[in-house]
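User: I am new to this structure and would like to go through it one question at a time. Please reason through each answer before you settle on it.

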Amino acid sequence: MSHDSNAAFEPAIPALRPKAERRAKFGWLRAARNEVDLSGTVSTVVLLGLLIAAPLFASRATVNDLGQAVCLGLFAISFNIIFKYSGLLSFGHAAFFGFAAYAEALLLEHYGNLPVPLLVLAAGGGAALLGIFLGQICVRRQGAYFSMTTLAIGAFFYSAAFKWSVVTGGTDGLDGFMPDSLTILPGWQWDGPSLSQTYWLVLSILIPAALAAWALLALTPFGNAVRAVQQNETRAKFLGYNTHVVKLANFTLAAGLAGIAGALWAVDNAFVSTDSIDLTFSTTVIIMAFLGGTGWYWGPVIGAVLYIAASDWLSASTPHWQIWFGLAFIAMVLVAPGGIAGLAASAWRRLGLR
Amino acid sequence: MMTAPVLELQGVSKGFGGVPVLRGIELTLLAGERRGLIGPNGAGKTTLINLITGGVPADAGNILFRGRPITALPPHRRNRLGIGRSFQILSLFAGMTVLENIRNAILRRRGLETLIWRRLSRIEAVQAEAAHYAGLVGLGDALHEPVETLPYGMQRRLDIALVLAQEPELIILDEPAAGLSAAETRDLIAVLQAVIGERTLLLVEHDMDVVYALSDRITVLDYGRVLAEGAPAEVSANEDVRRIYLGEAVD
């Protein structure tokens with residue numbers, strides 16, 4: 001991969017020269033980044049290690065918070081898969097999270113003897129199927145029309161959960177669905193699992209799911225197609241890409257991931273209510289994603305962690321903590337639209353190229 | 001010399017908001033033919049390209065590609081049959097490099113564009129092929145440059161590389177020299193003469209040097225109708241054409 005410009009080419013593009021020189025100096029760094037963002041990989045590995053080891057050194061309350069934060073984090077990632085990779089802003093993403101959370105609760109209640117991972121995948125798969133169906137309706141629309149359609153879908157699912165109380169428990173929600181003994185794999189059961197066990201169970205499904213979706217989007221031709229369609233849908237069409245199918249597939253991926261997050265949320269909390277499917281929750285996930293940073297695949301997780309931390313610390317001192325959280329969101333959008341991940345990335349870039 | 005028609009337009013019409021833009025267009029392109037399409041602004045040239053490639057639906061008439069009706073097919077289906085087009089107003093993947101742009105076309109042609117179980121960077125043949133097409137249009141030294149930093153003339157060439165990389169049977173170029181300097185236009189003519197080969201070409205262009213250098217037949221469009229058609233010499237001798245299109249440029 002040489003960047004030597006030959007004499008004939010060089011004068012045509014003088015503006016490129018300083019960059020090319022800089023590139024030669026940091027060629028190895030750039031080469032690594034081209035493929036897999038280096039800073040991203042390092043921080044991902046460190047964070048994942050800390051996350052998995054948390055029950056060994058952190059308090060019960062922290063582990064409890066972390067369990068919720070990772071579920072919300074995956075949910076926020078799934079929202080951002082539609083936003084970052086397809087350029088579409090969903091106002092109804094909680095429909096998939098909530099749908100799968102209720103589905104998981106009902107599955108655990110009725111098929112509690114089956115392995116939990118299987119039930120989680122079933123609930124996530126259900127959300128993905130729902131994504132194919134609802135995606136047909138909304139991904140053909142652009143901009144505000146897409147957002148309005150998803151808003152309507154979100155409102156519909158919230159009403160359904162609220163009104164259909166025979167199944168969903170209405171305003172009371174669902175609880176008591178966790179079996180006394182959790183089947184992890186056939187023949188491997190945990191009786192009255194501890195907080196740490198449940199936490200690790202959640203992580204054992206959540207981390208591979210998040211990594212698989214990342215690999216799909218970052219490394220494969222499919223991920224390339226999604227980016228190509230987002231950057232220039234018209235050109236992609238005239239190059240033979242079925243752009244509707246590409247966007248629908250990405251929407252379905254996001255719906256499935258949101259479903260896995262919702263199902264794990266049900267397992268983690270042993271309680272599901274309309275809080276996990278209402279329109280407020282659909283906007284909360286937008287705030288989490290933007291606060292954390294929509295430009296980086298893992299950015300929204302930062303927002304989810306902050307959200308949980310804020311709900312813990314701020315809510316102890318003021319009942320109006322969401323106002324402060326909302327103000328932080330507004331400030332972030334105005335001052336640093338790349339979110340916290342964006343701020344960190346620009347700081348890293350400055351360090352890396354000095 | 002093959003003589004089977006590659007593209008046939010039979011009585012194709014199109015209007016926007018009740019205003020007719022194209023009226024009963026008849027056009028036949030034989031295999032291997034290089035056809036220039038000229039006409040004053042507003043004659044309907046870009047609309048005609050959009051009708052052929054599927055950008056807008058026809059109001060009436062039939063469009064056949066290799067004898068097969070394509071009038072009702074969406075753009076991506078027509079492209080997959082072998083119709084590749086460039087754009088008058090540049091339409092590239094602005095956030096990607098030269099190589100990545102061309103790769104998008106190659107992945108699609110090879111049917112690999114939605115694979116989910118292979119690493120894109122490990123599909124070596126695609127990278128090599130993308131570099132090959134970049135080289136064809138003189139972008140071999142700019143493979144890893146982001147499109148945004150490329151000078152305009154180079155972006156024009158990349159547009160053509162995207163079309164070539166699809167190996168289409170019919171190449172449609174919509175004003176490939178638009179916005180280029182005289183020197184850049186001469187380079188472009190040389191590049192196009194070298195790369196088009198035996199493919200069928202439909203070329204829309206205002207720059208008559210480009211048209212004469214690359215076409216063996218010319219169709220003149222005026223107010224949505226075919227005004228004249230023939231060899232370059234015939235067309236430039238045609239009284240109607242001289243009067244309506246070439247105008248004072250000839251006198």
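User: What covers the buried residues of α10 of chain A, and which element of chain B is included?
Analyst: This is a predicted model, so what follows describes a prediction. Helix α10, residues 221-231 of chain A, is mostly covered, with 10 of its 11 residues buried, among them A:F222, A:V226 and A:V229. The cover includes α4, α9, α11 and α12 of chain A, and from chain B it includes α3 (98-109).

User: How many of the residues of α3 of chain B are buried?
Analyst: α3(B) reaches 17 Å from its first C-alpha to its last, close to the 16 Å expected at 1.5 Å a residue. Its buried residues include B:I102, B:I106 and B:L107, and also the charged-type names B:E100, B:R103 and B:R108. The helix is largely enclosed by the rest of the structure, because the number buried is 10 of the 12 residues.

User: Which helix of chain A is included in what covers the buried residues of α3(B)?
Analyst: Part of the cover comes from chain B itself, where α4 (124-136) and α5 (152-165) are included. The cover also reaches across to chain A, and the helix included from there is α10.

User: How do the residues on the side of chain B that touches chain A divide by character?
Analyst: The contact takes 32 residues from chain B and 29 residues from chain A. On the side of chain B, the elements that give two or more residues are α2 (75-81) and α3. The residues of that side divide into 13 nonpolar, 11 polar and eight charged.

User: Is B:I116 buried, exposed or partly exposed?
Analyst: B:I116 lies in the loop between α3 and α4 of chain B, and, leaving aside its neighbours within four places in sequence, it is in contact with A:L216, A:T220 and A:F222. A residue needs 20 or more other C-beta atoms within 10 Å to be buried, and 12 or fewer to be exposed. B:I116 has 14 within that distance, and therefore it is partly exposed.

User: Are α4 and α12 of chain A roughly parallel or roughly antiparallel?
Analyst: The two helices pack with their axes 9 Å apart, at an angle of about 170°. Angles over 145 degrees fall in one class, which means that α4(A) is, relative to α12(A), roughly antiparallel.

User: How do the residues of the contact of α4(A) with α12(A) divide?
Analyst: From α4(A) the contact draws on residues including A:L74, A:F75, A:I81 and A:Y85, and from α12(A) on residues including A:F251, A:L257, A:L264 and A:W265. Charged residues are also present, including A:K247 and A:D268. Taken together, the residues of this contact divide into 16 nonpolar, five polar and two charged.

User: Which residue in the turn of the hairpin formed by β4 and β5 of chain B has a positive phi?
Analyst: β4(B), residues 60-65, pairs in the antiparallel sense with β1(B) over five bridges, and B:A60 is there the bridge partner of B:S13. β4(B) also pairs in the antiparallel sense with β5(B), over two bridges, and B:F65 has B:R68 as its bridge partner. Two residues lie between β4(B) and β5(B) in the hairpin, and the one in the turn with a positive phi, of about 50°, is B:R66.

Terms used:
Residues are numbered from 1 along each chain as its sequence is written. Chains are lettered from A and ligands numbered from 1 in the order in which they are written. This is a predicted model: local features need pLDDT of at least 70, side-chain atom pairs count only at pLDDT 80 or more; totals for chains, interfaces and linings use all residues. Helices (H or I, at least four residues) and strands (E, at least two) are DSSP runs, numbered from the N terminus. Two residues are in contact if their C-beta atoms, placed from the backbone, lie within 7 Å. Axes are lines fitted to C-alpha atoms, for helices over the stretch in contact, and angles run from 0 to 180 degrees between N-to-C directions. Angles under 35 degrees count as roughly parallel, over 145 as roughly antiparallel, 65 to 115 as roughly perpendicular and the rest as oblique. The expected span of a helix is 1.5 Å times one less than its number of residues. Two strands pair if DSSP finds at least two bridges between them.
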